[in-house]
Structure formats: C-alpha cells, structure tokens
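I opened a new notebook page for this chain. My plan is to look things up one at a time and write down what I find.

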Amino acid sequence: MRGLSGLAGLRGLLCGARALGPSLLARSCSGGPSWTRERTLVAVKPDGVQRRLVGDVIQRFERRGFKLVGMKMLQAPERILAEHYHDLQRKPFYPALISYMSSGPVVAMVWEGPNVVCTSRAMIGHTNSAKAAPGTIRGDFSTHVSRNVIHASDSVERAQREIQLWFQSSELVDWADEGHLSSIYAA
C-alpha cells in the first residue's frame, strides 16, 4: 500500500490541480460512452536520440495505452526552441539549454489518451536525474539534469500551445483504434 500512496502523491505533485480547458471529444466506435481525450507533446531530446532510447520511450507510452497521433525527427530550429523555452529566457542556463537542444536531432511526438498530460509527467519522472524515481524514464535513463532524455508538456494548456508550435495540424493523424478503444471504454 505504501508504494501506491507514494505514486499517488508523486502524481499529485507533478500534475497539480487540473485546469479545465477545451477538450476533444471522441466516441468509441462500439457505440459506448464518449470520453474526453487529451493530447500532449513528448520530445526525446538529443541525448535520448543519440543513446538510441526513442524505441524505449515509444514502447512505454504504447504499453500505457496511449495512442501516437504525430511523430517526426528534426533538428529543432532556434525559433521553435526560443518559443518553447520562452519562460526560461532569464535563467542563467538558458543559452546552454538552447545550444544543447539544437546540438542534435529531436524526436517530437503527440500522444493522445485520457489524462495523458498528467500521466506522462508521472511516467517521465523528476527533471533532476538524481531525484527521478526508478521505473520512470528519467530514473532509468537520465544521466544529469542537463541531459535528461525527454520532455513532456506540464499542463493541458501548455500541451496545446506546444503541439501547435512543433506540429502543423496536417501532421497529426486522427485514427480509430477500434479494438483497443472498444475494450477500454465499453460501457
């Protein structure tokens, strides 16, 4: 029981109070109840790509039941990075962060599913690898706070902004995972 309460506490710290925002509604093809779906941006950073961890990250999100609706590998343009990390511009580490994020390819993904923003934050773990719990992506793979493998949006609102920054709407695919949805969301 102690592990479950610890995980619940961790999720509460990582996710905080959920703000209500615009949501996407979908109905399972089996005619079951509608469910609110969220989307979040997840990016494997240059150290994760260079260490060949992209497949491990994808596997964890798929096993969790989330649906991949967009993915691309790119050398992140400085204009995207500047907008993405706008809140950190006054921090002393900002120039090094931009330099690092533009040092190699990034794999940007959009994942969809119920409560995906909060759950993905719990899955990736603490920013500082020394504080990241074993079993989280950063706890298992991160080597340093400045080389922490992965980014995931920290709120529904930020996820919407980040997705629009990194992806054109034509790069996102709406597809029905009929067998999976009907088993999870059946009445």
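The entries below go from the whole chain to single residues.

**Entry 1: confidence.** I began with how far to trust the coordinates. This is a predicted model. The mean pLDDT of the chain is 83, and 75% of the residues reach at least 70. I then looked up the weak stretches. Residues 1–14 have a pLDDT below 50, and the model gives this stretch 8 contacts beyond near neighbours in sequence. Residues 16–34 also stay under 50. For residues 16–34 I noted 30 contacts beyond four places in sequence.

**Entry 2: layout.** I looked up the secondary structure next. The chain has 9 helices and 5 strands. Read from the N terminus, the order is α-β-β-α-α-β-α-α-β-α-α-β-α-α. I also checked how far apart in sequence the contacting residues lie. Of the contacts with a separation of 6 or more, 77% join residues 24 or more positions apart.

**Entry 3: surface and interior.** The chain has 187 residues, and 43% of them count as buried. The exposed area is about 10200 Å². Carbon and sulfur atoms provide 55% of that area.

**Entry 4: nonpolar cores.** Which residues touch the most other members of the largest nonpolar core? I found F61, M109, W111, I137 and I150, in a core of 23 residues. I listed the elements that give two or more residues to this core: strand 2 (34–44), helix 3 (54–63), strand 4 (106–113), helix 6 (116–124), helix 7 (137–141), strand 5 (150–152) and helix 8 (156–166). Another core lies apart from it, with 21 residues, including Y85, L97, Y100 and L172. A general note for the margin: in soluble globular proteins, nonpolar side chains tend to be buried together.

I followed I137 in more detail. Leaving out residues up to four places away in sequence, I137 touches V57, R60, F61, M123, I124, S142, V149 and I150.

**Entry 5: helix 6.** How many of the residues of helix 6 are buried? The count is 9 of 9, and the helix is mostly covered. The buried residues include polar names as I read them off: T119, S120 and R121 are on the list. V116, V117, C118, A122, M123 and I124 are listed too. Just after helix 6, I noted that G125 has a positive phi of about 90°.

**Entry 6: R39.** I moved to strand 2, where R39 lies. Is R39 buried or exposed? R39 counts as buried because its relative accessibility is 16%, and the cut-off for buried is under 20%. I looked up its side-chain partners. The side chain of R39 makes a polar contact of 2.7 Å with the side chain of E112. A polar contact of 2.5 Å joins it to the side chain of D174.

**Entry 7: H151.** I checked the record last. An unreviewed UniProt entry carries the annotation "active site" at H151. In the model, H151 sits in strand 5. Its relative accessibility is 13%, so H151 counts as buried. Which residues does H151 touch, not counting those up to four places away in sequence? I found L41, V42, A43, K45, H84, R138 and E162. With H84, one of these, the side chain of H151 also makes a polar contact of 3.5 Å.

Note on methods
Residues numbered from 1 in each chain as written. Predicted model: local features only at pLDDT ≥ 70, side-chain atom pairs only at ≥ 80, totals over all residues. Heavy atoms only, no water. Core = buried A, V, L, I, M, F, W, Y, C linked by side-chain atoms within 4.5 Å. Buried < 20%, exposed > 50% of the residue type's maximum accessible area, 1.4 Å probe, protein only. Helix = DSSP H or I, 4+ residues; strand = E, 2+ residues; numbered from the N terminus. Contact = heavy atoms within 4.5 Å. pLDDT = per-residue confidence, 0-100. Polar contact = N/O pair within 3.5 Å; in protein donor to acceptor, adjacent residues only side chain to side chain. Areas by Shrake-Rupley, 256 points an atom, 1.4 Å probe, with all protein chains shown as cover. UniProt positions renumbered as here; feature names shortened; annotations may be inferred.
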